[in-house]
Each structure stands twice: as C-alpha cells, then as structure tokens.
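Subject: Handover of a structure

Dear colleague,

Please find below the structure that I am passing on to you. My notes on what was found in it follow directly after.

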Amino acid sequence: MIPEKAQFYIDQLQMLKHPEGGWYKETYRSKGVIAGEHLDEYEGDRNYSTAIYFLLTSDNFSAFHRIKSDEMWHFYDGDGLTVHEIQTNGTYVKHELGLDIEGVEEPQLVIQANSWFASEVKEGGSWCLVGCTVAPGFDFKDFEMPDRATLLIGYPEFASLLTRLTRT
C-alpha cells in the first residue's frame, strides 16, 4: 500500500513507474545539446543536463543499474533514502540522503558515472521523494540494468546486497 502523502506526490506530479523501481517525472531537459563527436563514451548527441523527481516507498526499491553520467541526488520530502554505490574500482559506498545532517545524512550527493547503484527507503521509513540531475543529460541508451547473475560474477563479495536489490 502506498502511503497517502506519497500517493499525493505521485498524482500531483503525474509520476510514471520507473523501470528500475519507484516512480519518476522528468522535470527538465536542457535545450542545449552537446554534439556526439565531443563525447567520448556516448553514442550520439546529449542534452547538457536533465532532471527528474523520483519517489520510492518501503515496499519497493530502485534496482542496481548504472548510467554513463554523474548523477546528483537531492532530498525533498519523506523519510531518508539509502543509496548503495559500487564504484568502478570495486569500492562500496553507502550514502544516506536526507536532512539529518548532524547524523549521517546528506541533503544531496553524487553518484559517479559508471558506478553500479541501487536505492531504498531508509530502514524504518515508508517513502521518500528526491530529485536526480544528470549531466550530460540522461538518455535510456546510457542506462544498463543487468541481471543478478551478471553482477554476482563481478562482485561476489556483495552477494547479499546484490541479491536483495536486483529483480532477476
């Protein structure tokens, strides 16, 4: 069951189901475009930047995936969010997104380009509304969500986490 305030945001912001889990609404796509020949790791042109609202509930999660750009996360409302990152060098980083800045939470954070990452509502919470800004701008051509077995081969030391935050 979706908490009442979370459902309010889903309805008012006209959010859609996201393939990785949760709900999203694109709020910004720059008019400016970077030509593909100036972007080494990308196929084709990209907008300078894009932004979305993103909402998760405690009965859902954002499955491990990666994109080719840095992604900045911004906390807006609800309970805190835990973002799990496996960086390209294999280092695991647990980020806590929220407003308890005297504790362990940060109101914004950056996930490095090409890192594997997943997110979930902080333990004991029920929902969280955040924003994500991507530069160069997001394109589904840059989105990769592998199956569980593929990630387990590359990162067996994180088997418990990968099993919990993947869908297949």
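Asn60 touches Lys17, Gly21, Gly22, Trp23 and Arg167, when residues up to four places away in sequence are not counted. In this predicted model, Asn60 sits in the loop between β5 and β6 (62-65). With a relative accessible area of 17%, Asn60 is buried, because the cut-off for that class is under 20%.

Ile2 can be taken together with Asn60. The two residues are 58 apart along the chain, and their C-alpha atoms are separated by 9.9 Å. Ile2 belongs to the segment before α1 (4-12) and is partly exposed, at a relative accessible area of 25%. Its contacts, leaving aside neighbours within four places in sequence, are Gln7, Ile10, Trp23 and Thr57. Trp23 thus appears in the contact list of Ile2 and also in that of Asn60.

Towards the other end of the numbering, Leu165 lies in the segment after α3 (159-164). Leu165 is buried, with a relative accessible area of 1%. Apart from residues up to four places away in sequence, Leu165 touches Phe61, Ala63, Phe64, His84, Ala118 and Glu120. A separation of 9.4 Å is found between the C-alpha atoms of Leu165 and Phe117, which are 48 residues apart along the chain.

Gln87 occupies the loop between β8 (81-86) and β9 (92-97). Gln87 is buried at a relative accessible area of 15%. Beyond its neighbours within four places in sequence, Gln87 is in contact with Val93, Gln112 and Ser115.

Nonpolar cores

In soluble globular proteins, nonpolar side chains tend to be buried together. The largest nonpolar core here has 16 residues, and those that touch the most other members are Phe54, Trp73, Leu81, Leu97 and Val130. At least two residues of this core come from each of β5 (50-57), β7 (70-78), β8, β10 (108-111), β11 (116-121) and β12 (127-135). There is also a second, separate core of 12 residues, with Leu151, Tyr155, Leu161 and Leu162 among them.

The largest pocket

The largest pocket holds about 230 Å³ of space. It is lined by 18 residues, of which His18, Ile52, Glu71, Val134 and Phe138 are the closest to its centre. β2 (23-29), β5, β7 and β12 each give two or more residues to this lining. β5, β7 and β12 were also named above as suppliers of the largest nonpolar core. Sorted by class, the pocket lining comprises 11 nonpolar, 3 polar and 4 charged residues.

Cysteines

How many disulfides does the count come to? The count comes to 0 disulfides. Cys128 is in no disulfide, and the nearest cysteine sulfur, which belongs to Cys132, is 9.9 Å away. A pair would need its sulfur atoms within 2.5 Å, so the sulfur of Cys132, at 9.9 Å from that of Cys128, is too far for a bond. Both cysteines count as buried: Cys128 has 1% relative accessibility and Cys132 has 3%.

Backbone geometry

Most residues other than glycine have a negative phi, and most peptide bonds are trans. Three places in the model may therefore merit your attention when you inspect the backbone.

- Ala135 and Pro136 are joined by a cis peptide bond, with omega about -15°. Pro136 falls in the loop between β12 and α2 (148-154).
- Gln14, a residue other than glycine, has a positive phi near 55°. Gln14 is in the loop between α1 and β1 (16-17) and is exposed, at a relative accessible area of 55%.
- Asn114 is not a glycine either, yet its phi is positive, at about 70°. Asn114 is in the loop between β10 and β11 and is partly exposed, with a relative accessible area of 22%.

Yours sincerely

Terms used. Residues numbered from 1 in each chain as written. Predicted model: local features only at pLDDT ≥ 70, side-chain atom pairs only at ≥ 80, totals over all residues. Heavy atoms only, no water. Helix = DSSP H or I, 4+ residues; strand = E, 2+ residues; numbered from the N terminus. Buried < 20%, exposed > 50% of the residue type's maximum accessible area, 1.4 Å probe, protein only. Contact = heavy atoms within 4.5 Å. Core = buried A, V, L, I, M, F, W, Y, C linked by side-chain atoms within 4.5 Å. 1 Å grid on protein atoms, 1.4 Å probe; cavity = no way out; pocket = protein on both sides within 12 Å on 5 of 7 lines; lining within 4 Å. Points joined across faces, edges and corners; volume = space filled by probe spheres on them. Nonpolar A, V, L, I, M, F, W, Y, C, P; charged D, E, K, R; others polar.
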